[in-house]
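Me: I'd like a close look at one part of this model: the ligand site. Take me through it, and then carry on into the parts of the chain you'd check next.

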Amino acid sequence: MFNADDLKKEFLADIESAASEIQLSDVWKKYLSKTGSVQKLMTGIKEVAKEEKKAYGQFVNEVKTWVQEKYDEKKARIEAFELEQKYRREAIDVTVPVKRRPVGNLHPLTAVKHEIINVFAGMGFEVFEGPEIEDDDHNFTRLNVLKDHPSRDMQDTFWLTEDLLLRTHTSPGQIRVMDSKKPPIKVLVPGKVFRSDSDATHSPMFSQMEGLVVDRHITLCDLQGMLDEFVKNLFSDAAKTRLRPSYFPFTEPSVEVDVSCFKCGGAGCPLCKGTGWIEVLGGGVVNKKVLANCGIDPEQYSGLAFGIGIERIAMLKYGINHMGKLFENDVEFLKQFKA
Ligand code: PHE
C-alpha cells in the first residue's frame, strides 16, 4: 500500500510557507490540479491489485479530502489576511487635518481700482479704457494743452516719436469718449500712465482713474457731491471733501480736492502733516474749449472731470510709505492685503 506520509509532510511544509494567494495557487497546482500529486495517486489505482483497489481508493480519497481541507483552511486565512491588508492600505484617516491650498488675493492696486469703480458704478458710471500709447492730439492739444504752452511742462512726457507718446494721464480718455458718444456721458477711464518722475511717492508708471460727466446743467456742485460720496465710501462715513482752486488747461474752474484726514478726523497728525486735510485728486468743470473740440455744444452742455491717482489712494488707505512697494511684487508684502 502506498505510504502517504511523505506526500503529507511535503504538502504541510508547502502550505505552511505559502504566504500569499499567488504562492497558494502554486500549492494547488502541485497537489490538487489534474497533474498534481494527489491526482497522480488516483491514477495509480491502475497498478493496484484488484482486491486492494477498494481500500486504495478509500485511502486516496481520505488523503485528497485531508489535503483539500488543509488547503481550504489556509486559503481562508490568506484571503482574510489579504483583505485586512487591503483595508489597511486603503484606510482613510478622517481626522487628519486638511492641507489647505494657499489662496491668492487681489493686488492692493486692483482691489482699490475695483473699489473705486464700484462706488462710481453705483452712481451710474460706465467704464471705458483707452490706449497707453497716445498721440499729441488726444493727450494734449484737444485737451487744450497747446503746443509751446508752458502747461505742457506740468507732466514730464516720454515721447516715442514726434507725435506719439506714452500717455501722461488718463484724460485723453475724455476725448475718446466724447468722440464716440453724445451726452449724457458718465464714464470712468482707469489705466496706466507714464511720466519721467521717480521718488518715494512717484513712479515712472502709475495708474489713474479718470471720471467724466457731461450733461445739461452740470456744475462744480455735482463734482463735490460725487466726490463726497466717493470718499465716504472709500475712507469713512465721516470723511468730507474740500475744494481748493487749482489749474488744469482742460478744466475751468479747476480744483484740487482734499479729503478730511481719516486718521485724525481733522485734528492734525503726521499723515495730514498737521493740516487735517489730505490731497487726493484733481478735477474741475470741463473747459468749454474741450467740449467744443469734441463737437459738443458748450452752450447746451457742461461737464465735470476728475483724475484720481490710484497708487496714492492705496498708499493712504493702507498706510504704505513707498510707492515702489506696490510694484515690487514681494509676495510677503502683498499677502497682507487678504480681504
Ligand atoms: N489729468 C490730470 C492730471 O493727471 C488730473 C485731472 C483730471 C484734472 C481731470 C482735472 C480733470 O494731473
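By class, how many nonpolar, polar and charged residues does the shell around the ligand have?

Reply: Bear in mind from the start that this is a predicted model. Sorted by class, the shell around the ligand has 9 polar residues, 4 nonpolar ones and 2 charged ones. Of those 15 residues, the ones that come nearest are His 169, Ser 171, Arg 195, Gln 208 and Glu 210.

Three of these side chains are worth zooming in on. Ser 171 puts a polar side-chain atom 2.9 Å from a nitrogen atom of the ligand. His 169 also points an N or O atom of its side chain at a ligand nitrogen, here at 3.0 Å. With Arg 195, the partner on the ligand is an oxygen atom, and the distance to an N or O atom of the arginine side chain is 2.7 Å. As for cover, the ligand on its own has 320 Å² of accessible area, and the protein covers 92% of it. Strands β5 (205-215), β8 (277-286) and β9 (302-309) are the elements that each give two or more residues to the shell. β9 gives the most, with 3 residues.

Since β9 has come up, have a look at Ser 302, which is found in that strand. Ser 302 counts as buried, because its relative accessibility is 18% and the cut-off for buried is under 20%. A polar atom of the Ser 302 side chain lies 2.7 Å from the backbone oxygen of Ile 218.

Right after Ile 218 in the numbering comes Thr 219, and that takes us to helix α8. At the start of α8, a side-chain oxygen of Thr 219 reaches to within 3.1 Å of the backbone nitrogen of Cys 221. The helix itself covers residues 220-234, 15 residues in total, and runs 21 Å from its first C-alpha to its last, close to the 21 Å expected at 1.5 Å a residue. Its buried residues are Leu 223, Met 226, Leu 227, Phe 230, Val 231 and Leu 234. Seen down the axis of α8, these fall within an arc of 135°, so they line one face of the helix. The usual geometry is behind this kind of pattern: an α-helix has 3.6 residues a turn, so residues three or four places apart point the same way.

Helix α2 (residues 21-31) makes a good companion case. Leu 24, Val 27 and Tyr 31 are the buried residues there. They sit within an arc of 50° when you look down the axis of α2, so they too line one face of their helix. On the face turned away from that buried side you'll find the exposed residues Ile 22 and Lys 29. Ile 22 has a relative accessible area of 64%, which puts it in the exposed class because that class starts at over 50%. To place Ile 22 in the whole model, try it against Ala 267: the two are 245 residues apart along the chain, and their C-alpha atoms are separated by 87 Å.

For another isoleucine, go to Ile 45, in the loop between α3 (37-43) and α4 (53-90). Ile 45 is partly exposed, at a relative accessible area of 28%. Its C-alpha is 7.0 Å from that of Tyr 56, which is 11 residues away in sequence.

Last, some backbone spots to check. Most residues other than glycine have a negative phi, and most peptide bonds are trans. Against that background, a cis peptide bond joins Pro 183 and Pro 184, with omega about 5°. Pro 184 is in the loop between α7 (172-180) and β4 (185-194). Another cis peptide bond joins Glu 252 and Pro 253, with omega about 0°, and Pro 253 has its place in strand β7 (residues 251-260).

On the phi side, Lys 273 has a positive value near 55°. Lys 273 is in the loop between β7 and β8 and counts as exposed, at 74% relative accessibility. Asn 329 has a positive phi as well, near 55°, and lies in the loop between α11 (325-328) and α12 (331-334).

Terms used:
Residues numbered from 1 in each chain as written. Predicted model: local features only at pLDDT ≥ 70, side-chain atom pairs only at ≥ 80, totals over all residues. Heavy atoms only, no water. Near = heavy atom within 4 Å. Polar contact = N/O pair within 3.5 Å; in protein donor to acceptor, adjacent residues only side chain to side chain. Areas by Shrake-Rupley, 256 points an atom, 1.4 Å probe, with all protein chains shown as cover. Helix = DSSP H or I, 4+ residues; strand = E, 2+ residues; numbered from the N terminus. Nonpolar A, V, L, I, M, F, W, Y, C, P; charged D, E, K, R; others polar. Expected span 1.5 Å × (residues − 1). Buried < 20%, exposed > 50% of the residue type's maximum accessible area, 1.4 Å probe, protein only. Arc of directions from axis to C-beta.
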